[in-house]
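Please open the model in your viewer and keep the sequence panel beside it. The tour below proceeds by selection, each stop saying what to pick and what is found there.

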Amino acid sequence: MNRYVREVTDRVLAARLALAGRVHQYPEIQALRRFLTAFAVDCVFDVGANRGQYATMLRKDAGFSGTILSFEPNPDIFAQLCRRAASDAKWHVFNVALSDFDGTASFNIMAADQFSSLKKPAQEQDAIFADRNRVTRTVEMQCRRIDGLLPELREAYSFARPFLKMDTQGHDLSVCNGAAQALQEMAGVQTELGVRPIYEGGTGYRAMIDWLRDRNFLPSAFFANNKGHFPLLVEMDGIFVNQALLSQEG
């Protein structure tokens with residue numbers, strides 16, 4: 001019976017996503033639902049939250065009921081994020097950028113705000129992104145390291161097993177470097193993997209996969225993070241599991 005219910009639920013989800021033009025999100029939602037449940041994740045670090053699309057997907061589609069900590073540097077978008085999170089007592093938002101240092105930095109706001117980043121657009125980016133991924137203005141933004149924030153946040157929100165999701169437009173490796181040894185406290189990591197260059201100095205997908213492997217995070221799932229730009233894949237997301245949890249499971 002449980003298998004039957006699960007299959008019906010999955011088909012309803014797929015149909016609902018297709019009707020909303022979001023069918024490309026189905027693999028991500030399925031992977032997250034299984035991962036967050038299997039490893040008893042009770043807090044998601046939503047780094048690069050934009051308007052809260054990912055957190056909303058966690059609640060409405062992936063069935064996650066734990067704490068969500070959303071970090072969004074763009075001050076204009078942050079106001080919208082605040083309004084979206086206001087009715088959810090377990091969703092907390094922070095107008096700060098996570099990086100590999102504590103201090104301030106210039107944050108680039110792009111023509112299409114979802115491309116905004118601490119990094120600059122790559123000169124050789126595909127023409128399809130040229131109009132949207134261009135700097136319209138910069139703002140000074142407070143930056144924090146995860147290893148300094150984690151004890152403060154754990155004391156404030158009492159979580160035990162966090163999960164790190166990053167969508168920082170080419171800056172994910174810096175976020176991981178800012179976690180240092182605290183990265184090992186994450187049950188898993190979800191990161192954007194760049195296949196074609198969009199940002200100057202952005203980490204390529206092979207280098208990011210190798211970097212995480214060297215720190216004992218192993219691939220759990222890969223999927224396109226948008227509808228794609230046929231015939232060449234531009235970006236994908238990867239979910240990586242902390243190998244220490246696999247030892248515990250065994």
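**A tour by selection**

Select Asp147 to begin: this residue is partly exposed, with a relative accessible area of 29%, where partly exposed is the range between buried, under 20% relative accessible area, and exposed, over 50% (1.4 Å probe, protein chains only). The model is a predicted one, in which local features need pLDDT of at least 70 and side-chain atom pairs count only at pLDDT 80 or more, while totals for chains, interfaces and linings use all residues. Residues are numbered from 1 along each chain as its sequence is written, and side-chain values use heavy atoms, with hydrogens and water left out.

**Salt bridges**

Staying with Asp147, add Arg145 to the selection: the two form a salt bridge whose closest N and O atoms are 2.8 Å apart, a salt bridge being a side-chain nitrogen of Lys or Arg within 4 Å of a carboxyl oxygen of Asp or Glu. The structure holds eleven salt bridges.

Next select Arg137 and Asp76, whose side chains meet in a salt bridge at 2.3 Å, N to O. Arg137 lies in strand E6 (residues 135-144) and Asp76 in helix H4, so this pair ties together parts that are 61 residues apart in sequence; helices (H or I, at least four residues) and strands (E, at least two) are DSSP runs, numbered from the N terminus. Both partners are partly exposed, Arg137 at 36% relative accessibility and Asp76 at 43%.

Move along strand E6 to Arg144, and add Asp102: their side chains meet in a salt bridge at 3.4 Å, N to O. This pair links distant parts of the chain, since Arg144 is in strand E6 and Asp102 in the loop between strand E4 (97-98) and strand E5 (103-110), 42 residues apart. Arg144 is partly exposed, with a relative accessible area of 21%. Then select Arg16, Arg22 and Asp61 together, which are linked in a network of salt bridges.

**The nonpolar cores**

Where do the residues with the most contacts inside the largest nonpolar core sit in the sequence list? Select Leu36, Leu58 and Phe163, which have the most contacts inside this core of 29 residues; a nonpolar core is a set of buried Ala, Val, Leu, Ile, Met, Phe, Trp, Tyr and Cys residues joined through side-chain atoms within 4.5 Å. At least two core residues each are supplied by helices H1 (2-19), H2 (26-38), H3 (53-60) and H4 (75-85), and by strands E9 (217-224) and E10 (235-242). The largest share, five residues, comes from H2.

Centre on Leu36, which touches Val41, Val44, Leu58, Phe64 and Phe163, leaving aside residues up to four places away in sequence; contact means heavy atoms within 4.5 Å. Apart from this core lies another, of 28 residues, among them Phe71, Met166, Ala179 and Val189.

**Strand E10**

Now select E10, in which eight of the eight residues are buried, so the strand is largely enclosed by the rest of the structure. Glu235, Asp237, Ile239 and Val241 lie on one side and Met236, Gly238, Phe240 and Asn242 on the other, and both faces are covered. Add strand E8 (residues 188-194), which pairs with E10 in the antiparallel sense over seven bridges; two strands pair if DSSP finds at least two bridges between them. Within this strand, Asp237 is the bridge partner of Glu192. Finally add E9, which runs antiparallel to E10 and is joined to it by seven bridges, with Met236 of E10 as the bridge partner of Ala224.
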